[in-house]
Amino acid sequence: MQTLDQIKTGYRARVVSYKEPIIASRLMAMGIIPGTELMVLRKSLMSSTYFIQFPKLALALRRDEAALIVIESEI
Amino acid sequence: MSFSKYQVALSGNPNVGKSSVFNLLTGLHQTVGNFPGVTVDRKSGVFQLGQLGKVSIIDLPGLYSLFPSSEDEKVVVDVLMRGVNDSSIDIVGYIVDANDLERNLLLFTQIRDLGYKMVVGVNMLDTALANGLQIDLQGLSLSFGVPFVGINGRTGEGIEEFKNSLEHEIFNQATKCSYQFSDNEEQIAKDVNSIIQFDSQYIALLLAHQYKRSPLLKDTQKEFIATLIKKYSFNSIDIQLDEMMKRYQMITPLVQKSSSHIPMEMDSLTRKIDKILTHRIFGLVFFIGLMLLVFQAIFSWAEKPMEWIEGGFVGLNQIISGIVPDGWFQRLLTDGIVSGLSGVLVFIPQIAILFFLVSILEESGYMARVVYMMDSFMRRFGLNGRSVVSLISGGACAIPAIMSTRTISNWKERLTTIMVTPLISCSARIPIFAILIAIAIPAEKVGGWISLQALVFMGLYVLGTGTALIVAWVFHKILKTEERSFLVMELPRYQMPQWRGVFYNVWEKVKVFIIEAGRVIFFISILLWFMASYGPKKSMDAARKKAQQEYAVSQEISLTQLTKSYELEASYAGIAGRMIEPLIRPLGYDWKIGIALLTSFAAREIFVGTMATIYAVGDDNNTTLLKERLQEATFSGSNKKVFTVGTSISLMIFYLFAMQCMSTVAVVRRETKSLKWPAIQMLYMGVLAYVGGWIAASIF
């Protein structure tokens, strides 16, 4: 099972599910539901914070939170 | 604002331009307060709504759904649930970003299902159109059963139509709840409704989700709902997720029907700017540079206006001295009240400039990037990415810095920032450091080119900042919070700041400062003036006589200066200074320094002025003379010098760490809504100051 913290900068992926309901609730309220495409635009120094581009908004996420998002890489 | 009959609430997701709509509607007829019991900004105002006359409006903080995940969001959800229940809110104006309707409409359908009448203001239609996105407002109005009105929060276009719709809808029936309850949801909502009478089944369902913390319920009702949860094996969080999915399944086809579908990415300009400004290395360099500029601006831009304010009060004092006859009343006015007022108002330029710059950073969307870049570093100390801005502002003045922590939504991180910000060396400490460094540190060059005095000065700043971070870490370890620290933060599109909003923000902050800090420092300076001007009659008379005798021997120092000096020694402040001498003796201070510690208790910058009075320098600004007198000073009854290197460094450390600023205490009290936190803060800073001063006195 691949999670968002495992993909490299510049790669695209698609949200499959969430490992914790709390993060699921938060992201879904922001319109990020399973199936939503995303791209890791960049990571901060030490790669501790992620800058993620979704189709309609960009989010800052911590690595711990990225690890809770199950994704499938785009082929 | 209780005079108006109708109450409108503005709601919507964050970053949709809600505040600019609010500003357009109310203009300057707005106030910022707090929701009861919490320090979430409660912006409210009044505006003219057609035939209805003046109506009240409240700008609710941005929210993504009625399932709150932070303390702030809980407050807003409670306001909305209560508002429909007791009819304290008549209608909800809901603002959406035309570029992202689906996500925006989730909360809309939830609020509508609470039973509210609503009007939707579709903002940013112009940028949507520029992106090739066509939106059929009429189609949306038909699909969702409430009016959708195109508005432009920047130009004000469409605001009149928005108001007309509000005026019209306020007398209409609210649309029926459209959410399809599952069997499980239906059962529990029905049973909840059997004990609490709500008009809307959806409120009952939300209470089943949030009963544990809801202020709408009594304890017995909470217990009853708890049994229902067990009875129906109601899995709250999964049911919330299902609800959101069902809502999206309903919203998406309706939105697609009424808008041209285009795959949208964030606009390319924002992405280009971000490539540089959020670069892992260059982004940080830029940010640090920008903060130095802000810091510099607070100092240099404020310098002239501060001089004008001080000059104005000096002039006022002269006018008062001309009109009011000599005596205690004149001195109360000039030395007490006017000086106290001057001490407060002189900070206005710095506060205004700081909030002007911070508002621009906030409104342009840059602040969210700062959090992205600084979050991990600051989190190690229990702080937040936004804490950086407060800490840097603290270098000018702790008061606006503490007020600027409102943008930190996590309470623990915000409190920690508030607690440590006064440790950052502020501008009021500079004159104290300047005179003490001049006394204790020789004007030598280290390694031939670095001034030793400048090095010590810089060392004090580093020491203050380092201590602030360490103390933050300690608080981080001690403070417990239920609130889990999350960073799931939107990075909005960059946009030009709206000057109207910036102006209102600056105005509001200055107002709060004058009211909150002003009244405290005002009363304390009158009290301190009294203590420093009056004493037991016998010793005051003796002091005057002593001054005359000394003047008769040598006219080196003027009689007024000598009298003032001896009077201060004999005054209640002087007595108190002697009383605390045993306490401060280990730090190398005598009772004269004790007097200055006491008089500068409310505002540390008083220190230099008091020393000038005690040593009969006369002119506060004559630092060369003051320096000489201080260097000659000895402990009473001995030849031992008071201002040794040890004492001077000890005093600098003391003023670096000690609170000695009642305006800050007042603002902390306001921002934490408690007496406990300012008390703890004064205590820990006092202990640091004493211990630090003692260590310095022992080493040097």
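In strand β4 of chain B, B:Ile58 has B:Ala9 standing opposite. Helices and strands are named here as DSSP runs (H or I of at least four residues for helices, E of at least two for strands), numbered from the N terminus. The model is predicted: local features need pLDDT of at least 70, side-chain atom pairs count only at pLDDT 80 or more, and totals for chains, interfaces and linings use all residues. Residues are numbered from 1 along each chain as its sequence is written, while chains are lettered from A and ligands numbered from 1 in the order in which they are written.

**Strand β4 of chain B and its partners**

B:Ala9 and B:Ile58 belong to a pairing in which 4 bridges join β1 (residues 7-12) of chain B to β4(B) in parallel. Two strands are taken as paired if DSSP finds at least two bridges between them. On β4(B) there is also an antiparallel pairing, with 6 bridges to β3 (residues 41-48) of chain B; here B:Gly45 stands opposite B:Ile57. The hairpin of β3(B) and β4(B) has 5 residues between the strands, and in this hairpin B:Gly50 takes a positive phi near 50°. Of the 6 residues of β4(B) (54-59), 5 are buried, so the strand is mostly covered. A residue is called buried if 20 or more other C-beta atoms lie within 10 Å of its own, exposed if 12 or fewer do, and partly exposed in between, with C-beta atoms placed from the backbone.

**Chain B as a whole**

Chain B has 31 helices and 10 strands. Its C-alpha trace spans about 100 × 60 × 50 Å along the principal axes. Of its 700 residues, 44% are buried. Two residues are in contact if their C-beta atoms, placed from the backbone, lie within 7 Å. Among contacts in chain B between residues at least 6 apart in sequence, 72% join residues at least 24 apart.

**Two bent helices**

The table sets out two helices of chain B. The expected span is 1.5 Å times one less than the number of residues, and the bend at a residue is the angle between axes fitted to the seven residues ending there and the seven starting there.

| Helix | Residues | Expected span | End C-alpha distance | Bend |
|---|---|---|---|---|
| α12(B) | 282-323 | 62 Å | 61 Å | about 45° at B:Glu303 |
| α13(B) | 328-345 | 26 Å | 24 Å | about 30° at B:Val338 |

In α12(B), the proline B:Pro305 follows the bend within four residues. B:Gly283, B:Val294, B:Ile298 and B:Ala302 are buried in this helix, and what covers the buried residues of α12(B) includes α11, α14, α15 and α16 of chain B. In α13(B), the buried residues are B:Thr334, B:Gly336, B:Ser339, B:Gly340, B:Gly343 and B:Val344. The cover of these residues includes α12, α21 and α30 of chain B.

**The contact between the chains**

The contact takes 35 residues from chain B and 28 residues from chain A. On the side of chain B, two or more residues come from each of α3 (101-114), α10 (236-258), α15 (366-379) and β10 (488-490). The largest share, 7 residues, comes from α10(B). That side divides into 21 nonpolar, 6 polar and 8 charged residues. Ala, Val, Leu, Ile, Met, Phe, Trp, Tyr, Cys and Pro count as nonpolar, Asp, Glu, Lys and Arg as charged, and the others, Gly among them, as polar.

An open sheet of 6 strands with antiparallel pairing includes strands of both chains, in the order β5(A)-β1(A)-β2(A)-β3(A)-β4(A)-β10(B). Its edge strands are β5 (69-73) of chain A and β10 of chain B, each of which pairs on one side only. Between β4 (residues 58-62) of chain A and β10(B) there are 3 bridges, in the antiparallel sense, and A:Ala60 stands opposite B:Met489. Within chain A, 4 bridges pair β2(A) with β3(A), also antiparallel, and A:Lys43 stands opposite A:Tyr50. Helix α15(B) packs on the sheet, touching β3 and β4 of chain A together with β10 of chain B, and its direction makes about 145° with that of β3(A). For this angle, axes are lines fitted to C-alpha atoms, for helices over the stretch in contact, and angles run from 0 to 180 degrees between N-to-C directions.

**Two methionines with positive phi**

Most residues other than glycine have a negative phi. A:Met46, in the loop between β2 (37-43) and β3 (49-53) of chain A, has a positive phi of about 70°. A:Met46 counts as exposed because it has 10 C-beta neighbours inside 10 Å. B:Met124 has a positive phi of about 65° and is found in the loop between β6 (117-123) and α4 (125-130) of chain B. With 24 C-beta neighbours inside 10 Å, B:Met124 counts as buried.
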